[in-house]
Amino acid sequence: MSTLAHTMMTPARSTDSGLSGPGELDRYPYAEAPTVADRVVAPAWEGADPELGRMGRRAAGSRGRGLHGQLVQQLGQMIVSGDLGADRPLVPEEIGQRFEVSRTVVRESLRVLEAKGLVSARPNVGTRVRPVSDWNLLDPDIIEWRAFGPQRDDQRRELTELRWTIEPLAARLAAGHGREDVQQRLGDMVEIMGHALAQGDALTFSRADAEFHSLLIQVAGNRMLEHLSGIVSAALQVSGGPVTGCERPTEASLAHHARIVEALATGDGMAAEAAVRQLLTVHPEVERVVPAPREH
């Protein structure tokens, strides 16, 4: 038994008391038993990472906290990486035994994964892994799991392409709204980035950068675009390489951010859009994904 499994045993058992009351609807019942065919393709839990949630690079959000959050993280990574392929049966009892967690932890974790489109639970069928086409690929957790798994290159390319679609449009729309408070905040972020660059503080630079881009989308005045601001933040956090001008503090990146703010202040939507496109092509690698903007 691993050290983590031993430490998990006590809390898992303690939370097992006072469980399902009479008549409680349990969509992930322990009575669920795999068929003979299911047993042939049952998950190979031996391949699971013994340290649950070791890839928690982002602050816990929808994944929750504690054992529940760790189990969501572990199972999610295994599904996204392909260790648990499409249509694989997930038997709650086996999961509980493998990770030594209570039925409550297993049940709640599977509910979270179902909400993300990774699994489905149906009567007389049980809980199974769903195909990629059913996943919520815009979910920040799934973005992270893909970005640090076997699909990392595809995920980062897709995120870059998505940013190229979202951010230039958002900048053009934002220029027509004249939100002085937000424009001031954007200017503050540029100032913070400038100080961070001078101090060699990459962490502060990246945090200010993430807020800058989130604010830019929020001020566009389009609620559907605003809904995507979290995706851009996730893209900045998991980029993991010189894909755009925002990953590394540079004078060029800072200058492009400043030009965006200036264009917004003057209400010049075309200039704001052009500045964003220039920002996203600071590094030549991007040109393999999206060509640099043409001069008119």
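**Exercise 1. A salt bridge inside helix α5**

Task: In this predicted model, where do Arg111 and Glu108 lie, and how many residues apart are they?

Solution.
- Step 1. Place the pair. Both Arg111 and Glu108 belong to helix α5.
- Step 2. Take the spacing. Arg111 and Glu108 are three residues apart, about one turn of the helix.
- Step 3. Check the contact. Their side chains meet in a salt bridge, with an N to O distance of 2.5 Å. The cut-off is 4 Å, so the pair qualifies.
- Step 4. Add the surroundings. Arg111 has a relative accessible area of 26% and is partly exposed. Glu108 is partly exposed too, at 35%.

**Exercise 2. Salt bridges and a network**

Task: How many salt bridges does the rule give, and which residues are joined into one network with Arg157 and Glu161?

Solution.
- Step 1. Take the total. The count is 13 salt bridges.
- Step 2. Look at one of the pairs in α7. Arg157 and Glu161 form a salt bridge at 3.4 Å, N to O.
- Step 3. Explain the spacing. Arg157 and Glu161 are four residues apart in helix α7 (residues 152–174), so about one helical turn separates them.
- Step 4. Classify both ends. Arg157 is partly exposed, with a relative accessible area of 33%. Glu161 is partly exposed at 29%.
- Step 5. Extend to the network. Salt bridges with shared partners link Arg146, Asp154, Arg157, Glu158 and Glu161.
- Step 6. Add another pair. Asp134 and Arg130 meet in a salt bridge at 3.6 Å, N to O. Asp134 is partly exposed at 35%. Arg130 is partly exposed at 26%.

**Exercise 3. Positive phi outside glycine**

Task: Is Glu100 buried or exposed? Treat Asp87 in the same way: what is its relative accessibility?

Solution.
- Step 1. Read the backbone of Glu100. Its phi is positive, about 55°, although Glu100 is not a glycine.
- Step 2. Place Glu100. The residue sits in the loop between α4 and α5 (103–115).
- Step 3. Apply the cut-off. Buried means under 20% relative accessible area. Glu100 has 18% relative accessibility, so Glu100 counts as buried.
- Step 4. Turn to Asp87. Its phi is positive as well, about 75°, and Asp87 is not a glycine.
- Step 5. Place Asp87. The loop between α3 (66–81) and α4 (92–99) holds this residue.
- Step 6. Classify Asp87. Its relative accessibility is 49%, so Asp87 counts as partly exposed.

**Exercise 4. Rings and charges**

Task: How many aromatic pairs does a search of the whole structure find, and which residue lies over the face of Phe148?

Solution.
- Step 1. Choose the descriptors. A pair of aromatic rings is described by the distance of the centres and the angle of the planes.
- Step 2. Run the search. The whole structure yields zero aromatic pairs.
- Step 3. Look for a charge over a ring. Arg156 lies over the face of Phe148.
- Step 4. Check the distance. Arg156 is 5.9 Å from the ring centre. The limit is 6 Å, so the distance passes.

**Exercise 5. Two helix pairs**

Task: Are α7 and α13 roughly parallel or antiparallel? Is the crossing of α9 and α12 left-handed or right-handed?

Solution.
- Step 1. Choose the descriptors. Two packed helices are described by the angle between their axes and the distance between the axes.
- Step 2. Take α7 and α13. Their axes come within 7 Å and cross at roughly 150°.
- Step 3. Classify. Angles over 145 degrees count as roughly antiparallel. Therefore α7 and α13 are roughly antiparallel.
- Step 4. Add the hand. The α7 and α13 crossing is right-handed.
- Step 5. Take helix α9 (residues 202–218) and helix α12 (residues 251–265). They pack at about 30°, with axes 12 Å apart. So α9 is roughly parallel to α12.
- Step 6. Add the hand. The crossing of α9 and α12 is left-handed.

**Exercise 6. Sequence separation against C-alpha distance**

Task: What C-alpha distances separate His177 from Gly221 and Ala274 from His256?

Solution.
- Step 1. Place His177. The loop between α7 and α8 (180–199) contains this residue. His177 is partly exposed at 41% relative accessibility.
- Step 2. Read the first pair. His177 and Gly221 are 44 residues apart in sequence, and their C-alpha atoms are 7.2 Å apart.
- Step 3. Place Ala274. Helix α13 (residues 269–279) contains Ala274. Ala274 is partly exposed at 33%.
- Step 4. Read the second pair. Ala274 and His256 are 18 residues apart along the chain, with 9.6 Å between C-alpha atoms.

Conventions: Residues numbered from 1 in each chain as written. Predicted model: local features only at pLDDT ≥ 70, side-chain atom pairs only at ≥ 80, totals over all residues. Heavy atoms only, no water. Buried < 20%, exposed > 50% of the residue type's maximum accessible area, 1.4 Å probe, protein only. Phe/Tyr/Trp six-rings, centres within 6.5 Å; stacked < 30°, edge-to-face > 60°. Lys NZ or Arg CZ within 6 Å of the ring centre and 35° of its normal. Axes fitted to C-alpha atoms, helices over the stretch in contact; angles between N-to-C directions. Parallel < 35°, antiparallel > 145°, perpendicular 65-115°, else oblique. Left-handed = near helix turned anticlockwise from the far one by under 90°.
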